[in-house]
Structure formats: C-alpha cells, structure tokens
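Here are a few short exercises to work through with the structure open beside you. Try each one yourself before reading its solution.

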Amino acid sequence: MAVLLAAGGGVYAAVGGDDGGENPTASPTTTTPSHSKTQDPTPEPTTGDGDNTGGRGNGESDPNDQRRAGEAKVLYQKPAPEVSKSNLEVPGFWAMKGYVVKAVENKIVAYKDEGGSKWTLSLPKAVCAAPTSTTDGKVVVAYAGHGKDSCSQLALIDLNKGVKLWDHPAPESDALGGGYTNVGMAQSGNLVGMAWFGGSAVIKVSDGKEVSPEKPSAGCSIDGYAGGRVLLRAYSCSNGTAKLQQLTLSGSIKWTYTIRKGFKVSNIFSSSPAVVALIDQDRRSGGILALSGKGKERSTLALGKQSYQPECGTDIFGTNMGNCEGVAVSADTFYLPTEMTQDHGLGSTSEIHAFDLTTGKRKWAVKVAERLLLPLNMDGKNLIAYEKPTYTAPGRIVRIDPSGGKPKTLLRLPQATQKAERDFYSASHTYRNGNFYIATNRITGSDTTAESLLMAFGR
C-alpha cells in the first residue's frame with residue numbers, strides 16, 4: 001500500500017496523482033551574508049497595559065455585544081498590521097501563562113489574556129524563521145541578514161521579560177553561494193537545529209555557539225530537524241539511502257534509524273514518541289512510521305485506502321519538518337484527521353482516527369458532519385480537537401475521551417466572529433488553560449479582506 005503526500009495540504013491519499021508541484025528545481029542563491037559581529041544594542045522592551053478594545057478601531061463594535069448564550073467570550077481580536085509586502089510569512093507564535101507572543105516583521109509583541117500588550121520588542125530586521133517550542137520561556141529566532149532573502153542573524157529572546165539576551169550571525173553557511181534561504185528551525189533543551197536550502201547547523205540556546213554533531217558521510221545532507229522533548233534530525237543521500245537520528249543534550253548522536261531504501265523522511269509529526277512520514281524520490285508517500293525511544297521500529301500505521309489531511313503548510317524545500325498542525329500524540333496513540341468526504345445521509349464529513357503506536361492498527365474513529373475536525377493537543381488522556389468553522393457556523397473546541405465517542409464541546413466560538421475565524425489564510429491554533437488562540441502565519445495584504453493577526457477566546 002502506497003500513499004501520496006500532496007503539497008500544502010498534507011493529504012495522504014490512495015495511490016495516484018502527482019505532487020502538485022511541491023518539489024520544483026531551485027537555483028542556488030548568490031548572496032553572501034555579512035558576518036560582522038557588530039550589533040545594534042538590545043532595545044528596551046516597551047511595557048504597559050495598552051488598550052483594552054480587543055484590537056478594535058474607533059467606531060467598531062465589540063463582538064461580545066452580540067454574544068449569544070453558551071458562546072465563548074472574545075478576549076481580543078487583533079487586526080493584521082500593514083507590512084512591507086503582500087503575501088508575507090510571519091513565523092513566530094508562542095503561548096505562555098496568561099499571555100501569548102506573536103512576531104510580525106521586526107516586532108515581537110506579548111498580548112495579555114485580559115487585553116492589552118505586556119511588552120513589545122524590536123529587532124533590527126524582520127523575523128524570518130522561528131521554532132514552535134521554547135526552553136524555560138526562551139526561544140532562538142532568525143531574522144533577516146544583510147543579503148537579499150538571507151535569513152542569517154540569530155537572537156535569543158526571553159519571552160517572559162521581552163528582552164534580547166544575545167545576538168549573533170548564524171554559523172558559516174555551507175550552501176552553494178553561502179546563502180540562508182528557506183530556513184527551518186527546531187528547539188529542544190539547550191539545542192536549536194537549523195536547516196536551510198543547502199546547509200544546516202546545530203547551536204546552543206545558552207550562548208548561540210555552534211556544536212558539531214557527527215556529520216553524515218559524503219554525498220549526504222541534512223534535510224531538517226524537529227524539536228520539543230527531544231531533537232531529531234533527518235538526512236538523505238544521493239545513493240537513495242536516508243536516516244533519522246536523535247541528538248543528546250550535548251549534541252552527540254543518541255541513536256540512528258536507517259529508513260528503508262528509496263525513501264526518506266518528509267515530515268516529523270512528533271519527536272517523542274517519534275512519528276514520521278516517508279516519501280520516495282517521486283514524492284509518493286511510504287506511509288507513517290512510529291519508532292521507540294531507542295530508535296527501533298515500533299510500527300507502521302495501517303492507513304489503508306483512507307485519505308488523511310494534517311495541515312503541514314507549504315514547505316517547498318522540506319527544511320521545516322516539524323511544522324505540521326492537525327495531529328496529536330500521546331505515549332501510545334497517534335491522532336490523524338481525514339480529509340472531507342461525502343457521506344450519504346450526512347453530507348460532507350470528516351473524522352479523526354486514533355492509531356495504536358505499538359501495533360499500528362486503528363483503535364477508533366470519531367466523525368462530525370459538515371466540518372473539518374483537527375486534533376490540537378492532549379489534555380491528560382483526553383484529546384482536544386478543533387471543529388473548524390463552516391460558511392455559516394463558527395468553530396468549536398471539543399474534548400474526546402481515550403475510547404473515542406461523541407466529542408464534548410468545551411468552547412463554542414461566537415457567531416459574531418465566524419467570518420474572521422474562517423478567513424485566516426494560514427494559521428496556528430492553540431488551546432491552553434481553557435483559552436483558544438488563532439494566530440496567522442501569513443499576511444496576504446489583500447485590499448478586499450480585513451485580515452486578523454490574532455484572535456483569542458475564553459469562557
């Protein structure tokens with residue numbers, strides 16, 4: 001049984017079709033970033049209560065004025081700011097205790113759950129890559145360097161205080177032309193893995209200095225990293241072989257798993273337990289593989305002929321391996337969403353399937369009508385999922401118990417913000433401590449749509 005990984009949507013379908021142009025031939029960059037260590041002094045963070053208008057402009061109504069019985073409260077709704085160009089990626093979003101932090105170009109802003117800003121930090125240039133996980137509230141981000149499209153400067157940001165702790169050039173690039181394009185980042189403990197078109201590096205969170213794990217043999221290159229509890233890296237070779245490795249806290253190799261010949265890792269859904277998707281040289285998927293904590297094969301998921309659709313974004317060069325949404329994992333179960341299908345009697349439906357990581361077999365399926373149902377994260381043994389909005393109804397946050405069964409509604413999002421909720425072009429979704437956040441990953445700059453940067457909902 002073979003399956004297909006489609007570009008952008010991350011669809012795992014039955015055999016057939018092509019990759020939708022996900023793997024174009026790319027020319028190497030010819031820009032060379034400057035490696036001067038002279039840096040602007042760290043700006044003092046701007047702090048203060050800010051306004052409590054929920055991001056509304058003058059004359060705009062409060063969506064809570066239209067709140068219906070049983071609906072969640074809109075904590076705030078922040079409009080997308082004017083940006084330097086259209087269709088701009090704005091990576092960097094982290095949920096902290098009592099506030100969230102969002103990066104947009106050269107600004108990083110913390111928004112309090114009760115409304116208003118906690119702090120604002122300015123960098124010399126725009127943030128162009130960022131991990132999704134943090135270490136004790138600290139995160140390393142990459143921002144634009146001196147060359148065109150060069151994402152070559154690194155800074156450690158304290159998300160608790162809103163200050164920059166260090167600022168260094170990225171390690172010397174080994175890419176053709178010395179450029180840093182399509183940078184993917186993953187953070188775990190004191191390590192950050194970086195991969196870009198033609199190069200890679202591992203640095204320490206504490207001081208930004210490079211560490212040197214064992215290099216792959218000649219003819220091989222690092223494809224990408226995934227972080228969280230542990231740091232994984234995947235690499236592939238010109239002879240058709242590929243491997244997945246876990247790094248120790250010091251940057252050495254803990255274990256190495258050899259992928260079956262002709263395939264390589266395309267996405268890392270989870271680093272611990274390790275769950276990865278495979279593809280061949282023609283972009284056809286080799287299924288989803290689970291590994292043990294010692295790097296031994298645990299199972300191959302029995303996907304059958306069902307089509308699955310995690311939200312993995314558009315990652316042309318495959319350097320951002322850990323960026324998939326719409327999946328969740330516990331110690332023994334992996335949760336994967338199906339694509340929308342036609343169900344006679346129910347119309348369009350979608351499902352979440354729970355797979356046993358030890359056997360690879362499907363444990364149960366939960367179905368909803370007229371909505372795309374996406375796993376978010378685990379709450380103890382329960383799964384938290386997002387029922388995305390339809391053209392007429394807002395979304396819902398639901399809880400599904402370990403044995404499946406009917407989803408129980410935790411938050412019913414407001415009808416008043418249904419259109420804004422639906423209009424996010426690409427977004428990160430986080431449920432934490434009873435609050436739900438949607439943060440955009442891309443600002444299109446369209447003149448026809450009032451875009452949102454960030455929305456927060458609570459009880």
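**Exercise 1.** Which order do the four strands of the open sheet have, and is the pairing parallel or antiparallel?

*Solution.* First, some ground rules. This is a predicted model, in which local features need pLDDT of at least 70 and side-chain atom pairs count only at pLDDT 80 or more, while totals for chains, interfaces and linings use all residues. Residues are numbered from 1 along each chain as its sequence is written, and side-chain values use heavy atoms, with hydrogens and water left out.

Step 1: find the strands, which are DSSP runs of E with at least two residues, numbered from the N terminus. Two of them pair if DSSP finds at least two bridges between them.

Step 2: read off the order, which is 10-11-12-13, with antiparallel pairing.

Step 3: look at the edges. Strand 10 (127-129) and strand 13 (163-169) each have a single partner strand, so one side of each is left without a neighbour in the sheet.

**Exercise 2.** Find the bridge partner of Val127 in strand 11.

*Solution.* Step 1: go to strand 11 (residues 138-143), which pairs with strand 10 in the antiparallel sense over two bridges.

Step 2: the partner of Val127 there is Tyr143.

**Exercise 3.** Which parts of the chain does the pair Arg442 and Glu89 link?

*Solution.* Step 1: check the contact. A salt bridge needs a side-chain nitrogen of Lys or Arg within 4 Å of a carboxyl oxygen of Asp or Glu. The side chains of Arg442 and Glu89 form one, at 3.1 Å from N to O.

Step 2: place the partners. Arg442 sits in strand 37 (residues 442-443) and Glu89 in strand 5 (residues 88-89), 353 residues apart, so distant parts of the chain are linked.

Step 3: compare accessibility, where buried means under 20% relative accessible area, exposed over 50%, and partly exposed in between (1.4 Å probe, protein chains only). Arg442 is buried at 16%, whereas Glu89 is partly exposed at 46%.

**Exercise 4.** Describe the salt bridges of Lys164 and of Glu311.

*Solution.* Step 1: Lys164 bridges to Asp167, with the closest N and O atoms 2.8 Å apart. Both of these residues are buried.

Step 2: Glu311 meets Lys388 at 3.0 Å, N to O. Glu311 is in the loop between strand 25 (297-300) and strand 26 (328-329), and Lys388 in the loop between strand 32 (382-387) and strand 33 (396-401), so the pair ties together parts 77 residues apart in sequence. Glu311 is partly exposed, at 22%.
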